[in-house]
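The following exercises concern strand order, packing and backbone geometry. Each task is followed by a solution that proceeds step by step.

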Amino acid sequence: MGVMRVMVAHSLLSYRQTISAVLKELRPHLKIFSTDPEDLDAEFRRLSPQLVVCSRVTEVVEREALGWIELYPDPVSSESVVRLDGKKVIYPQMDLDALLSILDEAERLYKAI
């Protein structure tokens with residue numbers, strides 16, 4: 001099965017870098033990749049991550065990823081949208097604990113496949 005892969009492709013470079021660094025530090029057993037949102041589909045096809053954290057979900061990610069987190073897709077709102085295990089959930093406020101919880105649940109689902 002291998003190690004779960006996570007792709008971080010948020011449009012704000014500071015978010016992308018910080019999230020990637022934090023996930024690498026707190027979940028060192030996972031493969032964490034970072035890419036520019038413009039390259040998301042190509043990098044998704046190349047690396048086949050199970051979970052994607054981005055500012056806008058693409059059709060490819062929506063169709064093929066095990067799960068995704070659309071982190072603050074609306075710049076004037078603090079809402080995030082998560083799809084995992086076929087269910088979409090709106091988080092009014094995403095924090096690190098919620099992000100890690102989603103990541104852990106995605107890993108659990110990945111291992112169960």
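A residue counts as buried when its relative accessible area is under 20%, as exposed when that area is over 50%, and as partly exposed in between. The model examined here is predicted.

**Exercise 1. Determine whether the residues on the two faces of strand β3 are buried or exposed.**

Solution. Step 1: locate β3, which comprises residues 51-54. Step 2: assign the side chains to faces; L51 and V53 lie on one side, V52 and C54 on the other. Step 3: apply the cut-off of under 20%. L51, V52, V53 and C54 are all buried, and both faces of β3 are thus covered.

**Exercise 2. Identify the strands that pair with β3 and establish the sense of pairing.**

Solution. Step 1: consider β1 (residues 5-9), which runs parallel to β3 and is joined to it by four bridges. Within this pair, V8 has V53 as its bridge partner. Step 2: turn to β4 (residues 67-70), which is likewise parallel to β3 and is linked to it over four bridges. Here C54 has E70 as its bridge partner. Step 3: follow the chain from β3 to β4; it passes through helix α3 (residues 59-64), and this β-α-β crossover is right-handed. Step 4: add a further position, since V53 stands opposite I69 in β4.

**Exercise 3. Give the order of the strands in the sheet and name the edge strands.**

Solution. Step 1: the order of the six strands is β2-β1-β3-β4-β5-β6, in an open sheet with mixed pairing. Step 2: β2 (31-34) and β6 (87-91) each pair on one side only and are the edge strands. Step 3: from one strand to the next, the twist averages 15 degrees.

**Exercise 4. Describe how helices α2 and α4 are placed relative to the strands.**

Solution. Step 1: α2 (residues 40-47) lies across β1, β2 and β3, and runs at about 170 degrees to β1. Step 2: α4 (residues 96-112) packs on the sheet and touches β1, β3, β4, β5 (80-84) and β6. The direction of α4 makes about 15 degrees with that of β5.

**Exercise 5. Characterise the backbone and the exposure of S48 and Y72.**

Solution. Step 1: recall that most residues other than glycine have a negative phi. Step 2: S48 has a positive phi, near 50 degrees, and belongs to the loop between α2 and β3. Step 3: Y72 also has a positive phi, near 50 degrees, and is found in the loop between β4 and β5. Step 4: examine the relative accessible area, which is 38% for S48 and 22% for Y72. S48 is therefore partly exposed, and Y72 is therefore partly exposed as well.

Notes:
Residues numbered from 1 in each chain as written. Predicted model: local features only at pLDDT ≥ 70, side-chain atom pairs only at ≥ 80, totals over all residues. Heavy atoms only, no water. Buried < 20%, exposed > 50% of the residue type's maximum accessible area, 1.4 Å probe, protein only. Pairing = 2+ DSSP bridges. Right-handed = clockwise from strand over helix to strand, strands pointing away. Axes fitted to C-alpha atoms, helices over the stretch in contact; angles between N-to-C directions. Contact = heavy atoms within 4.5 Å.
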